[in-house]
Amino acid sequence: MLKTTGIHHISSVVGHAQRNVDFYASVLGLRLVKKTVNFDDKDRYHLYYGNANGSTGLTTTFPFSDGDEGFVGAGQVGVTAYATSSNAFVFWKARLAAFNIPYFEYERFGKKRIGFTDPDGLELELIEGEFDQSHSWSFDQITKEAALIGIQQAVLYSKQPEETLRVLTDVLGYERRAEDEEMIRLTVNDNLGGALELNKKQRTPGKMGVGTVHHIAFKIQEADLEAWREKIKQAGYRPTEIKNRKYFQAIYFREKGGILIELSTVRPGILIDETVEELGGTLLIPPHYAEQTEEILAHLMPVEVRKISKMEHYGYRDRYEYELLQRRNEMKKAMKWLKE
């Protein structure tokens, strides 16, 4: 019987690329494990975040400095939840407060949670969970013991919850485990990334744009790709052809509740072109854009993982504006030196 084995990645549309890196890598302490460009748009970064070796579900982002703002609602992934150990909650509340990030606490299905949003409005949660922390990534003041272990689950906001529930259980292999007045909890296994929550009540439809999830991907095996395409078609959906994304192969389809779903192979994985030590250190151009490398480098703003004490405002949208701002700052420093 075909069934997925958990969350492969969650991809979102975000704003400024450096701000995105500052938040996810510097504030939340996820490792930037892959820096490349969108396979379908060479003018945009595609950034991947994960644990130390990229073995957990990945958070990936498509930065659009000049993109239209969206809003979270039905037909989208509503919340991405990261697991961390329960004794790390004190640390995370203090860290969020130190960066002036408002948060709230609540409990659902027996798990304590901390909810907050990223700078673009994406809804995030920290949820207590006891999982293997051997590959956790430490950064700045975030120790391996306090680090985010990986994506534990996602909350889905469907336009037609019963239809989405049918896809999750009948097609993808999830099982209904619990529910309350607002949500249904489903699991495909008890491993990290094996859980979902689905809304029961109608929500206002979302609008795709900056600050929203583009799609959620579930893990499958490469040998099952054609079987999955056939299964999706038999269920009444229209899957795409198999797409080669270098680090995985993928099939996409949109279910009747409006959520774009991707099925992604576990192999070959993100270590195909970098060692564990090298992950995220180099901009990797997809093979079909290789001849346009110079053009790509001339356009993309530089991004780097750095230690920060606060989130900043950014006065540039691309490399040209970045370099212009750098020259202006250098001139200001020179003028100040001359006056002194």
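Two strands are said to pair when DSSP finds at least two bridges between them, and the strands themselves are DSSP runs of E, at least two residues long, just as helices are runs of H or I of at least four residues, with numbering from the N terminus. With that in hand, here is a friendly walk through a predicted model, in which local features need pLDDT of at least 70, side-chain atom pairs count only at pLDDT 80 or more, and totals for chains, interfaces and linings use all residues. Residues are numbered from 1 along each chain as its sequence is written, and side-chain values use heavy atoms, leaving out hydrogens and water.

**Hairpins and the strands around β8**

- A good place to start is β10 (residues 175-179), which runs antiparallel to β11 (residues 183-187) and is joined to it by 4 bridges.
- Within that pair, Arg 176 has Leu 186 of β11 as its bridge partner, and a hairpin of 3 residues links β10 to β11.
- Strand β8 (residues 123-128) has 5 of its 6 residues buried, where buried means under 20% relative accessible area, exposed means over 50%, and partly exposed lies in between (1.4 Å probe, protein chains only).
- β5 (residues 76-84) runs parallel to β8, with 6 bridges joining them; here Thr 84 has Glu 128 as its bridge partner in β8.
- β7 (residues 111-117) runs antiparallel to β8 through 5 bridges, and Arg 113 finds its bridge partner in Ile 127 of β8.
- The hairpin of β7 and β8 has 5 residues between the strands, and Gly 121 takes a positive phi near 100 degrees there.

**The open sheet**

- Nine strands form an open sheet with mixed pairing, in the order β14-β15-β16-β13-β1-β4-β3-β2-β17.
- β14 (243-244) and β17 (283-284) are the edge strands; each has a single partner strand, so one side of each has no neighbour in the sheet.
- At the β17 edge, β2 (residues 31-38) pairs with β17 in the parallel sense over 2 bridges, and Lys 35 stands opposite Leu 283 in β17.

**Helix α4**

- Which residues of helix α4 (residues 225-234) are buried? They are Leu 225, Trp 228, Arg 229 and Ile 232.
- These residues lie on the same side of α4 because they cover an arc of only 100 degrees around the axis, the arc being that of the directions from the helix axis to the C-beta atoms.
- Glu 226 and Gln 234, on the other side of α4, are exposed.
- The buried residues of α4 pack against α3 (161-171), β13, β15 (249-254) and β16 (260-265), with contact meaning heavy atoms within 4.5 Å.
- Just after α4 comes Gly 236, with a positive phi of about 95 degrees.

**Cavities**

- On a 1 Å grid over the protein atoms alone, a cavity is a set of points where a 1.4 Å probe fits but cannot get out, a pocket is an open set with protein on both sides within 12 Å along at least five of seven lines, and lining residues have an atom within 4 Å of a point.
- Grid points are joined across faces, edges and corners, and a volume is the space filled by probe spheres set on the points.
- The structure has 3 cavities of 30 Å³ or more, and the largest has a volume of about 70 Å³.
- Residues lining the largest cavity include Ile 10, Tyr 24, Tyr 82, Glu 123 and Val 213.
- β1 (7-14), β4 (58-63), β5 and β8 each supply at least two residues of that lining, with the largest share, 3 residues, coming from β4.
- The lining of the largest cavity has 6 nonpolar, 5 polar and 1 charged residues, where Ala, Val, Leu, Ile, Met, Phe, Trp, Tyr, Cys and Pro count as nonpolar, Asp, Glu, Lys and Arg as charged, and the others, Gly among them, as polar.
- The second largest cavity holds about 50 Å³ of space, and two or more of its lining residues come from each of β5 and β13 (212-220).
- β13 gives the most to the lining of the second largest cavity, with 3 residues; His 214, His 215 and Arg 254 are among the lining residues.

**The largest pocket**

- The largest pocket holds about 340 Å³ of space.
- Of the 18 residues that line the largest pocket, Gly 54, Ser 55, Val 266, Gly 269 and Ile 270 are the closest to its centre.
- By class, the lining of the largest pocket divides into 9 nonpolar, 7 polar and 2 charged residues.
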